[in-house]
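Student: I'm new to this one, so please give me a close look at a single part instead of a full tour. Start with a count, then stay with one element and its neighbours.

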Amino acid sequence: MILTKISVLHDNYIWILYNKKGSCIIIDPGVADAVITKIIQKKLNPIAILLTHEHIDHTGGVNKILKIYPNIIVFGPKEIKNNYIHEVVTGGDKISLLKKNIYVFFTPGHTLNHVSYYLKPYLFCGDTIFSCGCGKVFNNNYLDMYYSIELIKSFPKYTILCWSHEYTLSNLNFSINIIPKDKSIKKYYKKIKKKLYLKKSIFPFYLFNEKKNNIFLRTNDPSLIKELKLQSKSYFDIFKYLRIEKNNF
Ligand SMILES: [Zn+2]
């Protein structure tokens, strides 16, 4: 399987996964035109759309894509009310496409019914976690978000995380502000900044690297807890504290 991404809107990524025959799956098409251009360019045949959650910057392109490619099957969680959803999915479901199994994981927190899709080694995690950060928590569902992030942490270490927004540098800026003495994060910040300056790709993002440099995946890390002076708090409290601090950053 070959993975490609399209950068659209302010900072969104749309992912397209395709096989050697050119059959493809589109993940979270927030816009249509850039996707259609890519499909034509690469001579692809779209067979399915996977949606992680209801937000318009993830779903806004679906209607127009369907008008041009009416045979596409659209998968998504029940929170997406639009009538273009053909198959409602939730955690535990298995989707068979392109002769592969795609496993659906329930990852609420950003929204009430957010899901992520796993096709080894790729995890399409929408707005649950980002490079060195995590999504905003709507509906005050901090506990759901905490457990969703813990679930993602349990994936194999070479899982490639495919999130829907590019916030790497701003997330690292926040992390440095919160734990300025952390050597790993400071080193990683320099590395990413240099790559971006040289216009080099910062992909792929592996889970094992996020475990070192994403503070939201380190809420049980004694060095982080010590630096935050939150030794008396639970791991969940530390997560909530960090997320609220990020909201105000
Ligand atoms: Zn969202």
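Student: How many aromatic pairs does a search of the whole structure find? After that, please take me through the buried residues of helix 5.

Tutor: The search of the whole structure turns up 20 aromatic pairs. Here a pair means two rings of Phe, Tyr or Trp (for Trp, the six-membered ring) with centres within 6.5 Å; planes under 30 degrees apart are called stacked, over 60 edge-to-face, and the rest tilted. One of them leads straight to your helix: Phe174 and Phe216 have ring centres 6.5 Å apart and planes at 15°, so they are stacked. The two come from distant parts of the chain, with Phe174 in helix 5, Phe216 in the loop between helix 7 and helix 8, and their places 42 residues apart in sequence. Helices are DSSP runs of H or I with at least four residues, strands are runs of E with at least two, and both are numbered from the N terminus.

Before going on, a quick word on what you're looking at. This is a predicted model, where local features need pLDDT of at least 70 and side-chain atom pairs need 80 or more, while totals for chains, interfaces and linings use all residues. Residues are numbered from 1 along each chain as its sequence is written, and side-chain values use heavy atoms, with hydrogens and water left out.

Now, are those two rings buried or exposed? Buried means under 20% relative accessible area, exposed means over 50%, and partly exposed is in between (1.4 Å probe, protein chains only). Phe174 has 1% relative accessibility, so it counts as buried, and Phe216 is buried too, at 2%. For contrast, take another stacked pair: Tyr206 and Phe208, 5.7 Å centre to centre with 25° between the planes. Tyr206 is partly exposed at 28%, and so is Phe208 at 30%.

Phe174 has another partner as well. The charged end of Lys246 sits over its ring, 5.8 Å from the centre. That label applies when NZ of Lys or CZ of Arg is within 6 Å of the ring centre and within 35 degrees of the ring normal.

Step back to the whole of helix 5, which runs over residues 168-178. Its buried residues are Thr168, Asn171, Leu172, Phe174, Ser175 and Ile178. Looking down the axis of helix 5, you'd see these buried residues fall within an arc of 155°, so they line one face of the helix. The arc is taken from the directions that run from the helix axis to the C-beta atoms. Why can such a spacing give a face? An α-helix has 3.6 residues a turn, so residues three or four places apart point the same way.

What covers that face? Among the covering elements are helix 6 (183-197), helix 7 (207-213), helix 8 (222-228) and helix 9 (235-247). Strand 11 (129-130) and strand 12 (133-134) belong to the cover as well.

Ile178 in helix 5 gives you a residue's view of this. Ile178 counts as buried at 13% relative accessibility. Leaving aside neighbours within four places in sequence, Ile178 is in contact (heavy atoms within 4.5 Å) with Ile215, Leu228, Leu242 and Glu245. Another residue to find is Glu227: Ile178 and Glu227 are 49 residues apart in sequence, yet 8.7 Å apart in space, C-alpha to C-alpha.

One last stop is the loop between helix 6 and helix 7, where you'll find both Lys199 and Pro204. Most residues other than glycine have a negative phi, and most peptide bonds are trans. Lys199 isn't a glycine, but it has a positive phi of about 60°; at 75% relative accessibility, Lys199 is exposed. The peptide bond joining Phe203 and Pro204 is cis, with omega about -5°. Phe203 also belongs to an aromatic cluster, along with Tyr13, Trp15, Tyr122, Phe124, Trp163 and Phe205.

To pull it together, start at Phe174: its ring stacks with that of Phe216, and the charged end of Lys246 sits over it. Then look along the one face lined by the buried residues of helix 5.
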